[in-house]
Amino acid sequence: MSVTTLSLPPSPALAQPLARAPVDPRDRGGPAQPLLSVSGLVKHFPVRKGSGPKQVVRAVDGVDFETLKGETLGIVGESGCGKSTTAKLLMGLIERDSGDLLFDGEAVGTRALPWRAYRRQVQMVFQDSYASLNPRMTVEASIAFGPKVNGVPGRQAVERARALLARVGLEPKRFAARYPHELSGGQRQRVNIARALALEPRLVLLDEAVSALDKSVEAQVLNLLLDLKAEFGLTYIFISHDLNVVRFISDRVMVMYLGRVAEIGPSDTVLAEPAHPYAHALLHAMPSLDPDNRTQEALLAGDPPNPIDPPSGCRFHPRCRLVAPVCSGKEPPLDAVGPAHRAACLARQPGSGHPDAPSVQAAA
Amino acid sequence: MTAPVTAASVALDGAVPTAAPVAEAEVFVPSRGFWGHVGHRLMRDPVAMAAGAVILAIVLVAIFAPWITPMDPYKGSMLRRLKPVGDATYWLGSDELGRDMISRLMVGARLSLFMGVTPVLIAFAIGSSIGILAGYVGGWTNTILMRTIDVFFAFPSVLLAIALSGALGAGIFNAIVSLTCVFVPQIARVAESVTTGIRRRDYIDAAKLSGASAFTIMRVQVLGNVVGPIFVYSTSLISVSMILASGLSFLGLGVRPPEPEWGLMLNTLRTAIYVNPMVAALPGLAIFIVSISFNLFSDGLRTAMEIRQ
Amino acid sequence: MTDTPAVMLRDLKVAFGKVQVVDGVDLTLERGQAMALIGESGSGKSVTLRAILRLFPEGRSRITGTVAVGGRDVLGLSKRELADYRGREVSMIFQEPLLAFDPVYTVGRQITEAILRHEGVSQAEARARALALFERVRIPSPERRLDNFPHEMSGGMRQRAMIALALACRPQVLLADEPTTALDATVQIQILLLLRELQRDLGLSIILVTHDLGAAVEVADRISVMYAGHIVETGSARQIVRDPHHPYTVGLLRSRAEGAMDRGGRLQTIPGSPPDLANRPAGCPFAPRCFLAEERCRRERPPLGAVGDGHQAACWRAEEAASAFKDGQIRGALESA
């Protein structure tokens, strides 16, 4: 086992190793440089189906986006849209077929930034709070594991684990020696968050991290995530199917559909006036909380399609209310539709040939 | 619906501290840990406890045999051959050379237990390592290791043990080597299957994300979760090992006379089976009792480990 | 419409071993009405629902109180009557449709068999009714889909097929246990709308168990809020959402992320977690987490009392809770203006 020290020197004081100066000493490119840039990310899974022709699941099929320093980027979409695969690709838990990851300006997986060094700065919280904790380890040992394998001496690693437990609202005296099955779902998810923070990451991926929790517990954990973000200067990528939660926590939102980005932009804009018809349908599908103004019709019929054989042209065109002949033949690029707001819809792009498209003059 | 966030919360925040720590009301039972729970449940299983007591008694007898045997197990008497069970001098009778059966059984327990436990222990260490490695790494490593292991399954274990022992030559050491070779594939296969079952769990992914090496993950994260089932399976092999070892001795491939060992005793006494069947059956009975005790104990252990969480 | 309610529960108690999971629930569902039972995990909402069908193993559970469906006492039914009653008068849909279907038979065959078991109709007639049901729940190309095995259908379609199976014997009451929790939002809204349509067109009475207030509002006329085995508040959907009178309901409404006006602000939360049912606190079960709790709340459990027309809350300080909620709304509105 190699002994690599953490980028911050471990300190015996409880609060010390957790506190961070407003400017992260690990920051390289300054605030304007995205923390993580993803371009051309592709992952296809081969599927064997009897004797038929070889098929591939186009789980992630050319995804580009950036995560800015200090922001929360929400990723939303139906099942099969590729959001969870994207998370695993970003963490290197599955290997990408192609595409580039740049972390603070450095290519991930190269000599300048090997996976190991990258992962110390990027951590993940999983959806299933029970499956993501080792059932045979105390929560304290689970949290201390990361620092230990990164060269923090045992005692200090345990001290850090206890400090983090306290920070996520679990009194170390009562909780440190417990096993995962002795905790409630909300408590376990707090432990998972503490574990993710134990390596002092700069970016945390939250993959449906609050989806399995009861509403009142969900709100507690969301508040905790906000506090931790401010305290440690974190950047979040927040994957969820719940648009209300995403709207609450995210600065920007990315909407995915069948392995591609449909729309990305400030969450106030995307979740109020979405440019992409799919984002609009998704937003419309959220249950109303007004008994006098219930949803009258579902904008999308049927289930999300299978990413094995996506439709030609715009992948959304068979379900789209704005569909025009041009949509089945031309793949829409992800183009600007407003300030910091991009959408992959021909109906929004001047000169695309779509009847609803704004005229070229108006755009110019 | 609108919900207030700041000003309105003043009225509430006095009574509702929203910040951590969260006092989650519950009564906490101090943690026993996994093995604590297993031990607790095992204690309440009368069959497993009885089997455990039998094993413990026999182990104690084996350890202290040289000091507690009523007679010299090696000293025979041509005049007092094949005394029946219940004889005034020889409580469990005497063998074909007039040696005291009870003393020979007590001393024989040492070698018999040794031959039962040692190959399983060695095979447990080797087999788990191979199985965990194959299961965790997966892919080609798994294919190569497990297909090689499968070759051994082509032969019945008795045949394999005899063939290996025969090839290596007689003797205790060679018998242990050949028995170990018989058990390694079986344990490796179990270890591989339980490891494959957990390698895709999120907590293994989380450990990978912490930058731990594959070896560290196997040692710290995987081992604790798979060692239980492998151990249970291995304890069930102890009885098989004892029987196989007895078989080897019976065929003259294991322990050699005049060393007392249950299998060997069974072999030499078979000539007396028509003269004094009770005495001739005693070593077999001893093997039976010990092996069924190990089996019952490992059954109990398996049940105790099935804790729903 | 007759006078007897579709479902009436009086002082329903369900215990598993020593744990009293449902602790005295009174509930009335009128014919043709849709009611949502909301609460968190462990609140007893699912158990209450299952008690209506007596879906518990006899030995390990104890049910007391009254369960009357269409005026008929369910707890007094014999085994045979129970089998007849299930599916024919009351049927149920679940979160996971794969559990409701047998994987080795086609969906169509399972529906026809359900019809044949309860009614003396011909095979062809049963098949025709299965087809009509598939059309009714809007499964595309129903003829072909009847011959599908459960695993050959997508999640939303299986959910529809399960609803068709539940409706096979024309029950009066449909119980739905978190039917949309595992579904994508785009599919969930379709299923919720379908439930509403079935209630309207077939005159079904529906009880929907959910943890999602939004799903409840989409379907239900009335909402009952459960906490720790009790109904703490019941009223029309409007009353519950606009004018809650129990601090727990107030808390649930306030902690919703969609209610938060400014992003980056904190959510108001209900502190702590639900009580351990094996060690219930004396008095009001919500008192340890309540922002209004006083001495009396820790001593005496409040009964459900009327706070409006058809609106009841089990709280000693219901009026304070209601005004705290309204205050918050006004201040929140001022702030955002």
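**Figure 1. Domains of chain C in the predicted model.** The domain assignment of chain C gives two parts, domain 1 covering residues 98-170 and domain 2 covering residues 244-336. Between the C-alpha centres of domain 1 of chain C and domain 2 of chain C the distance is 43 Å. A UniProt record, an unreviewed entry, places the feature "domain: ABC transporter" at residues 7-253 of chain C. Within residues 7-253 of chain C, helix accounts for 42% and strand for 26%. The C-alpha atoms at the two ends of this span lie 27 Å apart.

**Figure 2. An open four-stranded sheet in chain C.** The strands of chain C follow the order β2-β1-β4-β5, and their pairing is antiparallel. β2 (19-29) and β5 (72-73) of chain C are the edge strands; each has a single partner, so one side of each is left without a neighbour in the sheet. Strands of a sheet pair through backbone hydrogen bonds, either parallel or antiparallel. β4(C) and β5(C) run antiparallel and are joined by two bridges. One residue pair to locate in this view is A68(C) with its bridge partner D73(C), the latter in β5(C).

**Figure 3. Surroundings of G65(C) in strand β4 of chain C.** Strand β4 of chain C spans residues 61-69 and includes G65(C). Leaving aside residues up to four places away in sequence, G65(C) touches L9(C), R10(C), D11(C), L12(C) and K13(C). G65(C) counts as partly exposed because it has 16 C-beta neighbours inside 10 Å, and a residue needs 20 or more to be buried. A166(C) stands 101 residues from G65(C) in sequence, and the C-alpha atoms of G65(C) and A166(C) are 26 Å apart in space.

**Figure 4. Two non-glycine residues of chain C with positive phi, R54(C) and E178(C).** R54(C) is not a glycine, yet its phi is positive, about 50 degrees. The loop that holds R54(C) runs between α1 (45-53) and β4 of chain C. R54(C) is classed as partly exposed because 16 C-beta neighbours lie inside 10 Å. E178(C), also not a glycine, has a positive phi of about 45 degrees. E178(C) sits in the loop between β7 (173-177) and α8 (185-202) of chain C. With 19 other C-beta atoms within 10 Å, E178(C) is partly exposed; the count for a buried residue is 20 or more.

**Figure 5. Contact between chain A and chain C.** Chain A gives 33 residues to the contact and chain C gives 37. On the side of chain A that touches chain C, the elements giving two or more residues are α7 (215-232), α8 (243-249) and α10 (277-284) of chain A. Helix α7(A) provides the largest share of that side, eight residues. By residue class, the side of chain A that touches chain C divides into 17 nonpolar, 11 polar and five charged residues.

**Figure 6. Domains and overall form of chain A.** In chain A the domain assignment places domain 1 at residues 36-255 and domain 2 at residues 312-364. The C-alpha centres of domain 1 of chain A and domain 2 of chain A are separated by 33 Å. The secondary structure of chain A consists of 11 helices and 12 strands. Chain A has a radius of gyration of 22 Å, close to the 21 Å given by the globule rule for 364 residues, so chain A is as compact as a globular protein of that length. Taken along the principal axes, the box filled by the C-alpha atoms of chain A is roughly 65 × 55 × 50 Å. Buried residues make up 52% of the 364 residues of chain A. Of the contacts in chain A between residues at least 6 apart in sequence, 65% join residues at least 24 apart.

**Figure 7. Helix α8 of chain B, residues 202-209.** Helix α8 of chain B is mostly covered, with six of its eight residues buried. The buried residues of α8(B) are D202(B), Y203(B), I204(B), A206(B), A207(B) and L209(B). After α8(B) comes G211(B), with a positive phi near 90 degrees. For chain B, UniProt lists the feature "domain: ABC transmembrane type-1" at residues 109-298, from an unreviewed entry. The span of residues 109-298 of chain B is 83% helix and 0% strand, and its end C-alpha atoms lie 20 Å apart.

Methods
Residues are numbered from 1 along each chain as its sequence is written. Chains are lettered from A and ligands numbered from 1 in the order in which they are written. This is a predicted model: local features need pLDDT of at least 70, side-chain atom pairs count only at pLDDT 80 or more; totals for chains, interfaces and linings use all residues. UniProt positions are given in the numbering used here, feature names are shortened, and annotations may be inferred rather than shown by experiment. Domain bounds come from an automatic or database domain assignment. Two residues are in contact if their C-beta atoms, placed from the backbone, lie within 7 Å. Ala, Val, Leu, Ile, Met, Phe, Trp, Tyr, Cys and Pro count as nonpolar, Asp, Glu, Lys and Arg as charged, and the others, Gly among them, as polar. A residue is buried if 20 or more other C-beta atoms lie within 10 Å of its own, exposed if 12 or fewer, and partly exposed in between; C-beta atoms are placed from the backbone. Two strands pair if DSSP finds at least two bridges between them. The radius of gyration is taken over C-alpha atoms; the globule rule is 2.2 Å times the number of residues to the power 0.38.
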